[in-house]
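Here are two short exercises to work through with the model open. Try each task before you read its solution.

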Amino acid sequence: MQSSQYLSQLNAFEKMSDEPWPEDAVLYQPYEAEQILLPEHASCLAVKAYLKMCQLPFEVRSCANAEYMSPGGRMTKLPFIRAGAFIVAEFEPIVNFIEHKGSAIGQWLDDDNKADMRTYVSLAENIFTMAELYISFVNKTVYEKVTAPRNGCVFPWPLNLIQNYSKRRNTLRLLKVYQWNDMTIEDVIEKVEKCCETLTLKLEESPDTPFFYSDQPCELDAIAFGHLFAIITTDLPNMALAQTVRKFKRLVEFCQFIDGKYFQMSK
Amino acid sequence: MHLGGVLYVYKGEWGLPSIDFDCLRALCLVKFTRCPLQIETNANPIRSSTGKLPYLQIGNKRFCGYREIKKLLDKEGYPIDANLQENYKLLSPAYANWVFTNLHSYYYYFMFGEPNNFDTTRSLYAKRTMFPFNFFYPSSYQREACDIVMVMGGFDPRDKLENHDGDHLIANAKKCVNLLSKKLGKKVWFFGDVFSEFDAIVYSYLSVLFKATLPNNPLQNHIKGCQNLVNFINRITKDIFKNEGFNSLKAIKSQSSNDPLLTATERHFLESEKKTKILAAIGAVVAMGTFAAWRGVYKQFSNSRRYYDGLEYEDDEALEDDEMD
């Protein structure tokens with residue numbers, strides 16, 4: 001049901017491609033201070049960074065039930081945007097949607113580079129999201145001290161237990177599908193380290209420019225910034241992920257640069 | 001490597017060394033690195049802690065599942081990515097991850113989720129599993145496929161067929177194959193002259209999807225259109241898995257007798273395996289025995305009842321007589 005909606009949207013994108021980006025586009029996300037979890041925070045940040053890089057106007061609206069309003073997706077289902085008659089969830093579909101609108105960045109890349117960049121985007125999205133889900137739901141202290149109270153905070157007493165239970169079960173199933181369920185924390189850190197190394201290497205291919213591909217931003221910049229920045233700025237009882245990312249000075253500098261360029265200015 | 005390591009995998013079909021994605025991956029690791037392991041196709045998944053093949057047994061130790069096998073091979077000095085350039089060493093898992101995102105759900109949906117295809121796949125897996133277990137293990141793959149398709153595809157394969165929404169799985173998979181074909185170009189391996197884990201993974205996905213004779217498999221024709229990928233698959237199958245490749249049609253043809261005097265059923269009976277014959281014989285004996293026993297018991301039972309009824313009657317009469325006195 002979810003994906004049939006997704007498909008009909010894809011078909012409708014084709015027809016809609018000439019219409020411009022609406023002025024009143026809204027990005028829905030959970031409450032940032034009380035409710036949002038690390039993986040959701042990361043993907044919200046990535047989408048916001050991408051929209052800002054495209055210089056598209058949007059309004060952020062926080063909803064307690066954002067997850068249940070979302071049309072569905074592969075991983076966190078969040079954030080989702082409402083632009084005109086369309087509701088699109090998660091990073092990749094949103095990027096595709098904006099590309100159909102014709103206002104996407106990264107159009108100057110040739111086909112080879114674009115395919116390459118998509119590979120990196122899918123790598124960064126998978127590895128970081130899985131690592132964040134793993135630390136939020138499999139690590140016992142983090143789950144009990146942060147994930148469960150935050151996820152349950154918008155529901156009254158008996159319902160919050162049920163919601164926590166069902167969310168944890170769904171997440172564990174997702175981790176199982178991506179074959180992360182039987183990993184130890186060392187394996188997870190090794191995976192994240194490898195991914196950071198790959199990104200650093202890519203960043204150093206063009207050492208004089210601040211972005212991954214030459215001097216203009218693209219999707220990879222947005223997704224890498226979203227996840228890395230969320231990981232290093234979120235306080236958890238277990239900081240293993242943040243410490244791993246902090247080892248890569250080049251990536252931390254990159255995050256600070258993007259944060260300064262796109263987020264501080266608007267404030 | 002310790003002596004006497006045995007890798008247990010499912011037997012192949014269509015000329016491939018194995019019918020299973022994970023088994024093929026593990027086989028590629030072993031064969032690409034020329035690791036001296038014995039390969040055994042007569043295996044039982046119950047001995048593996050994951051409930052699935054492949055598993056690697058060395059002495060009393062078992063290494064179950066692809067990841068553990070790879071870890072062991074890396075430790076023992078047979079790492080698959082050893083000869084790659086440094087930056088390719090990082091790119092290989094990145095590409096592998098991307099192929100996983102695009103092809104994994106397609107593979108599991110069309111191998112195990114699609115109801116028409118699953119009949120074929122189940123019989124393939126059931127034939128390779130020992131008798132009481134063949135009712136259980138193939139459907140464990142189906143359960144796994146349900147999870148995978150629900151998470152990555154967004155619909156439930158247990159739903160009605162009209163609600164199956166495989167179009168975007170197909171579109172993604174086709175895009176992925178196109179890009180793979182472009183990436184491979186005219187090279188021998190994806191990263192030039194040296195093999196990598198990425199080659200193993202691409203080979204494992206595509207060879208099964210390309211060779212499998214499923215009723216519904218839209219990617220098969222698409223792969224046929226990419227000549228370099230077809231060459232890639234055929235070259236690895238022929239050169240590296242010369243001895244392991246298996247084809248049941250060929251094997252049966254070479255054995256069967258072409259006696260013109262036999263009827264079709266008799267010929268079919270000769271072609272069937274010895275195990276089936278023994279099972280059929282046991283089944284027949286049990287059926288006949290049961291029938292005989294049932295008949296015998298029935299007779300005895302009815303005899304005894306008649307006898308007992310008579311006695312009771314006499315007793316009752318005697319009792320009545322007593323009371324009358």
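**Exercise 1.** Work out the strand order of the open four-stranded sheet in chain A, then find what packs on it.

*Solution.*
Step 1. Reading across, the order is E2-E1-E3-E4 (chain A), and the pairing is mixed. Strands here are DSSP runs (E, at least two residues; helices are H or I, at least four), numbered from the N terminus, and two strands pair if DSSP finds at least two bridges between them.
Step 2. Strand E2 (59-62) and strand E4 (86-89) of chain A pair on one side only, making them the edges.
Step 3. From one strand to the next, the twist averages 25 degrees. Axes are lines fitted to C-alpha atoms, for helices over the stretch in contact, with angles from 0 to 180 degrees between N-to-C directions.
Step 4. Helix H2 (residues 38-54) of chain A packs on the sheet and touches E1, E2 and E3 of chain A, at about 165 degrees to E1(A); contact means heavy atoms within 4.5 Å.

The model is predicted: local features need pLDDT of at least 70, side-chain atom pairs count only at pLDDT 80 or more, and totals for chains, interfaces and linings use all residues. Residues are numbered from 1 along each chain as written, chains are lettered from A and ligands numbered from 1 in written order, and side-chain values use heavy atoms, without hydrogens and water.

**Exercise 2.** Which residues touch the most other members of the largest nonpolar core?

*Solution.*
Step 1. A core is a set of buried (under 20% relative accessible area, 1.4 Å probe, protein chains only) Ala, Val, Leu, Ile, Met, Phe, Trp, Tyr and Cys residues joined through side-chain atoms within 4.5 Å.
Step 2. Among its 173 residues, the answer is A:Ile98, A:Tyr178, A:Leu220 and B:Leu180.
Step 3. Helix H3 (residues 86-113) of chain B gives the most to this core: 15 residues.
Step 4. Beyond four places in sequence, the contacts of A:Tyr178 include A:Met130 and B:Phe100.

Conventions. Buried < 20%, exposed > 50% of the residue type's maximum accessible area, 1.4 Å probe, protein only.
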